[in-house]
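Q: Please take me on a close look at the empty space enclosed in this protein. Then show me what ties the surrounding parts together.

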Amino acid sequence: MAAGSGTESVTRTAIGTAVERGLPSTIADLCALVRIPSVSWAAFNREQVAASADAVARLVRDLNVFDSVQVVQAGIPGSTELGQPAILASRPARNGRPTVLLYAHHDVQPPGKTEDWESDPFTPTVRGDRLYGRGAADDKAGVMAHVASVRALVAAVGTDFDLGLAFFIEGEEEFGSRSFATFLDENREALRADVIVVADSNNWDIHTPAITTALRGNVTLRLTVRTLAHASHSGMFGGAVPDAMLATIKLLASLYNDDGSVAVSGLTSIDVPTPDYSEEQLRAETGLLPGVAPIGHGSILSRIWSQPALTVTGIDAPTVDNASNTLTPAVTVRISTRIAPGQSAVQAAAALQTHLREQAPFGAQVEIDDVDTGEPFLVDTSGWAVTEARQAMTDAWGVPPVDIGVGGSIPFIADLVRVFPSAQILVTGVEDPDSRAHSPNESLHLGVFKRAVLSEAFLLGSLNERAGY
């Protein structure tokens, strides 16, 4: 149906009214989800993730639009374990309408230290115009954006609409989506769609929506450096034999250029235009301390969106409190590398491992294991679904969306492309630069959330009117 036609205008008005009226109950349902500590990491209680899945399944069933709503677990390749529970729901399209798959995840990151939070991480708390709590933004707000947008569509047109819908609410995105590929393969027909909306990304700011068009991939690994068969007295032998800490420090330093950019041969970058983004904004959003300089070269956003980055995220070594005058025989570190769109994750992993082996100082023994990879992604923005999404966002926010890249990774998108190569993928989200996903005091801006729900509801309404797509 042509934009601005009478029927569509009436539907838009009804959807807008429904979103506004439903917002208090939507936020209440979100708060109920945040109270469930659904951390999917292996060391945490799986029963909480199961409870979260059951709670989401009830919300989806209560929509009364799906032929089937199930809580499903899929196998993990190479393991006898099952993945964490996910919600699967579907209804077929009718009368030439498209089918839309709505994806989000109900698991969350560990809370970290409780003392770093201003309020309990699993007690949803409103301060000002923000809702605080682990998962309040990432990604239980994404779950509720899907639920609330369908509620609004139902309020506007009833349950007997023609649009095909599928829900896939994952339960282990924060733990590597280990069963994701198996889940897709086993439920291919129920999930088959013309448009896939992944609600797990950012907006430009609290006033401007965004469509994510580029995502970096990732390579993570565990590196162990050994130089001695056993510990020795640092006074007796220091200065003659290298301890593992010395070798590790020098090896890790070789990964970086003097400006802090990545110095690993074989890791590539891409050249894409980026919006204006000042050093002042970077400092404000990251908490960069006075006197500490940013790293890298090129525009700031190109460093985040389209160049590789490397972070040492953990070190196993003697603690300061337990340090003795000893030459350490072995040190283990965790390395997380973000790779630019356009590069194969397998090639990037090989380049990183080659560098670590070739640059090991003093002939130190290097062991590399627990390697995990995720592919980067570039969105094709030429399809009709992106056009519809841009219009929906413009109508909901009052300003057009910005195309952005994201320095983080959503590796499972490569699996979506593999299984559904003809589907158009839209990466949207409910977060803003102050959401602090994965960090203490994670929060959701309630105004952003409302506009995100309204955008998706407008999109569903438009697609429900779109015949012969």
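A: **The largest cavity and its surroundings**

The largest cavity has a volume of about 160 Å³. A cavity here is a set of points on a 1 Å grid over the protein atoms alone, where a 1.4 Å probe fits but cannot get out; lining residues have an atom within 4 Å of a point. Points are joined across faces, edges and corners, and the volume is the space filled by probe spheres set on them. This is a predicted model, in which local features need pLDDT of at least 70 and side-chain atom pairs pLDDT 80 or more, while totals for chains, interfaces and linings use all residues. Residues are numbered from 1 along each chain as its sequence is written, and side-chain values use heavy atoms, with hydrogens and water left out.

Sixteen residues would be a long list, so start at the centre. Of the 16 lining residues, Met-393, Thr-428, Ala-452, Ser-455 and Glu-456 lie nearest it. Four elements each give at least two residues to this lining: strand 7 (195-202), helix 11 (384-397), strand 17 (424-431) and helix 13 (446-464). Helices (H or I, at least four residues) and strands (E, at least two) are DSSP runs numbered from the N terminus. The lining splits into eleven nonpolar, four polar and one charged residue. Ala, Val, Leu, Ile, Met, Phe, Trp, Tyr, Cys and Pro count as nonpolar; Asp, Glu, Lys and Arg as charged; the others, Gly among them, as polar.

How many cavities reach 30 Å³ or more? The count is two. The second largest holds about 40 Å³ of space. Its lining includes Gln-84, Ala-86, Phe-168, Glu-170 and Phe-183. Strand 6 (164-170) and helix 4 (180-186) each supply at least two of its residues. By class, this lining has four nonpolar, three polar and two charged residues.

Helix 4 leads on to the salt bridges. There are 18 of them, each a side-chain nitrogen of Lys or Arg within 4 Å of a carboxyl oxygen of Asp or Glu. Arg-418 and Asp-185 meet at 3.4 Å, N to O. Arg-418 lies in helix 12 (residues 413-419) and Asp-185 in helix 4, so this pair ties together parts 233 residues apart in sequence. Arg-418 is partly exposed, at 43% relative accessible area, and Asp-185 is partly exposed at 37%. Buried means under 20%, exposed over 50%, partly exposed in between (1.4 Å probe, protein chains only). Asp-185 and Arg-418 also belong to a salt-bridge network with Arg-188 and Asp-415.

Strand 17 leads to another bridge. Arg-130 and Asp-432 join at 2.8 Å, N to O. Arg-130 sits in strand 5 (residues 130-132) and Asp-432 in the loop between strand 17 and strand 18 (443-445), so parts 302 residues apart in sequence are tied together. Arg-130 is buried, with 8% relative accessible area. Asp-432 is buried too, with 3%.

A further bridge joins Asp-370 to Arg-334, the closest N and O atoms being 2.5 Å apart. Asp-370 is in strand 14 (residues 365-374) and Arg-334 in strand 13 (residues 330-339), 36 residues apart. Asp-370 is partly exposed at 42%, and Arg-334 is partly exposed at 25%.

Terms used:
1 Å grid on protein atoms, 1.4 Å probe; cavity = no way out; pocket = protein on both sides within 12 Å on 5 of 7 lines; lining within 4 Å.
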